[in-house]
Amino acid sequence: MPPCNALIEKTFSHLPETPLSYLTTIKGVRVWVKRDDLNHPTISGNKLHKLKYNLLAAWQSQQAVISFGGAYSNHIAALATAGQLFDLITVGIIRGEELHDKTRWSPVLRRAESDGMQLHFVSRDAYRNKTNDAHIQAIIRHYPHAAVIPEGGSNSLAVNGVAECIKALKSQCHAVPTFDPQHTALFSACGTGGTLAGFIEGLYQFDFPIRIVGINVLNNDAQLQTQITQLARHHPAVNWQLINQYTFGGYAKTPPELQRFVTDIQRQFALPLEPIYTGKLVYAVFDLLNQHALPNLHDAIIYHSGGLR
Ligand SMILES: *Cc1c(COP(=O)(O)O)cnc(C)c1O
């Protein structure tokens, strides 16, 4: 086994057990936060779990890893940092030709470059047709042994990594007084759906019959539903649903009402949030509980997927 493979294994086997913290009670429902933003100092949150088996697979054949994202992608940031930590070549194919101009770089891109990621900027048209686009295919051919990971890191290896998180969550829940899986729901923010698919698989694998609710943060209802259905092999056996009414206009749209909510939550509960994923998630959970929209619920668990900078 190459030494870095052992380093990846060791990193993942030494991750701390992140807290399941009580937050508040809303209309009789206890609200908890699973603080996976605290799982790693530099690759925090769900992206770490999504990368685990992708990194191991890449190391097995000493490959480079190629992936896709926008200028603010948490997946690109996580992959670049992982490449730096585990000595892998990483390549980012980034949406937006205007980013050839370095003065327009986001903090994610500056950090990715300093972590050693090789960046290629492509037009929005090319990005949209990434599987057929000649320019993008030429970039990929340039790295003949590279593993290609889809946008957001959502593939079946990511599902396997996220599914493992359910094991620890299950034992933490069983330590909560009067906990009953039949009256518990896990809430998670959905972008590309890989994380939700991983949780669905994990609930099945670890025989943990709580329900799961995905809060869509993008305007992509039909596509997201399909993607989750394809990625989660055992989805018919799990009680899951997607809620699409808290997108706040779409990805990265953060109207003042949402920003005020995020600031209020940080002030009231000392819970760090960002408006793109976890802000919309917590807003949705509070709103759904206040409206009694989820009958028979005793405990609501919010999955904190990180994304803080
Ligand atoms: C990427 C991301 C998500 C969404 O994960 P998907 O697997 O793409 O659905 C949620 N929260 C944060 C903080 C993220 O960075």
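Contact, as the word is used for packing here, means heavy atoms within 4.5 Å. By that criterion, the buried residues of α7 pack against α2, α8 (165-174), α9 and α10 (221-231). The model is a predicted one. This briefing covers the annotated domain, the ligand and its shell, and several buried residues in and around α2, α7 and α9.

**Domain annotation**

- An unreviewed UniProt entry assigns residues 17-306 the feature "domain: Tryptophan synthase beta chain-like PALP".
- Across residues 17-306, helix accounts for 40% and strand for 18%, and the end C-alpha atoms of the span lie 15 Å apart.

**Ligand and its shell**

- There are 16 residues around the ligand, of which K47, K50, N74, T192 and S305 come nearest.
- By class, the shell comprises 11 polar, three nonpolar and two charged residues.
- At least two shell residues come from each of α2 (46-60), β7 (184-190) and α9 (194-205). The greatest contribution is that of α2, with three residues.
- Two oxygen pairings can be named: a polar side-chain atom of N46 lies 3.1 Å from an oxygen atom of the ligand, and an N or O atom in the side chain of N74 is 2.6 Å from an oxygen atom of the ligand.
- For S305, the partner is a nitrogen atom of the ligand, which lies 2.6 Å from a polar side-chain atom of this residue. On its own the ligand has 380 Å² of accessible area, and the protein covers 98% of that area.

**K47, the annotated modified residue**

- K47 carries the UniProt feature "modified residue: N6-(pyridoxal phosphate)lysine", again from an unreviewed entry.
- This lysine is found in helix α2. K47 counts as buried because its relative accessibility is 12%, and the cut-off for buried is under 20%.
- Beyond residues up to four places away in sequence, K47 touches N74, H75, A78 and G152. Of these, N74 is also among the residues that come nearest to the ligand.

**S73, the annotated active site**

- The "active site" annotation in UniProt (unreviewed entry) covers S73.
- S73 sits in the loop between β3 (65-69) and α3 (74-86). With a relative accessibility of 11%, S73 counts as buried.
- A polar atom of the S73 side chain lies 3.2 Å from the backbone nitrogen of H75.
- Apart from neighbours within four places in sequence, S73 is in contact with V108 and R309.

**N54 in helix α2**

- N54 is located in helix α2 and counts as buried, at 6% relative accessibility.
- The N54 side chain reaches the backbone oxygen of K50 at 3.1 Å. K50 is itself one of the residues that come nearest to the ligand.
- Outside the range of four places in sequence, N54 touches I149, G153, N155, L157 and A158.

**N155 and the start of α7**

- N155 lies in the loop between β6 (147-148) and α7 (156-163). At 15% relative accessibility, N155 counts as buried.
- The N155 side chain reaches the backbone nitrogen of A158 at 2.9 Å. At the start of α7, a side-chain oxygen of N155 also reaches to within 3.3 Å of the backbone nitrogen of L157.
- N155 touches N54, I149, P150 and L231, with residues up to four places away in sequence not counted.
- Within α7, the buried residues are A158, V159, G161, V162 and A163. The helices against which they pack include α2 and α9, and both of these helices supply residues to the ligand shell.

**G194 in helix α9**

- G194 lies in helix α9 and has 0% relative accessibility, so G194 counts as buried.
- K50, S154, V159 and L231 are in contact with G194, leaving aside neighbours within four places in sequence. L231 is touched by N155 as well.
- G194 and Q230 are 36 residues apart in sequence, and their C-alpha atoms are 9.9 Å apart in space.

Notes. Residues are numbered from 1 along each chain as its sequence is written. This is a predicted model: local features need pLDDT of at least 70, side-chain atom pairs count only at pLDDT 80 or more; totals for chains, interfaces and linings use all residues. Side-chain values use heavy atoms; hydrogens and water are left out. UniProt positions are given in the numbering used here, feature names are shortened, and annotations may be inferred rather than shown by experiment. Helices (H or I, at least four residues) and strands (E, at least two) are DSSP runs, numbered from the N terminus. Buried means under 20% relative accessible area, exposed over 50%, partly exposed in between (1.4 Å probe, protein chains only). A polar contact is a pair of N or O atoms within 3.5 Å; within protein, one must be able to donate a hydrogen and the other to accept it, and residues adjacent in sequence count only if both atoms are side-chain atoms. A residue is near a molecule or strand if one of its heavy atoms lies within 4 Å of it. Accessible areas come from the Shrake-Rupley method with a 1.4 Å probe; for residues, only the protein chains shown count as cover. Ala, Val, Leu, Ile, Met, Phe, Trp, Tyr, Cys and Pro count as nonpolar, Asp, Glu, Lys and Arg as charged, and the others, Gly among them, as polar.
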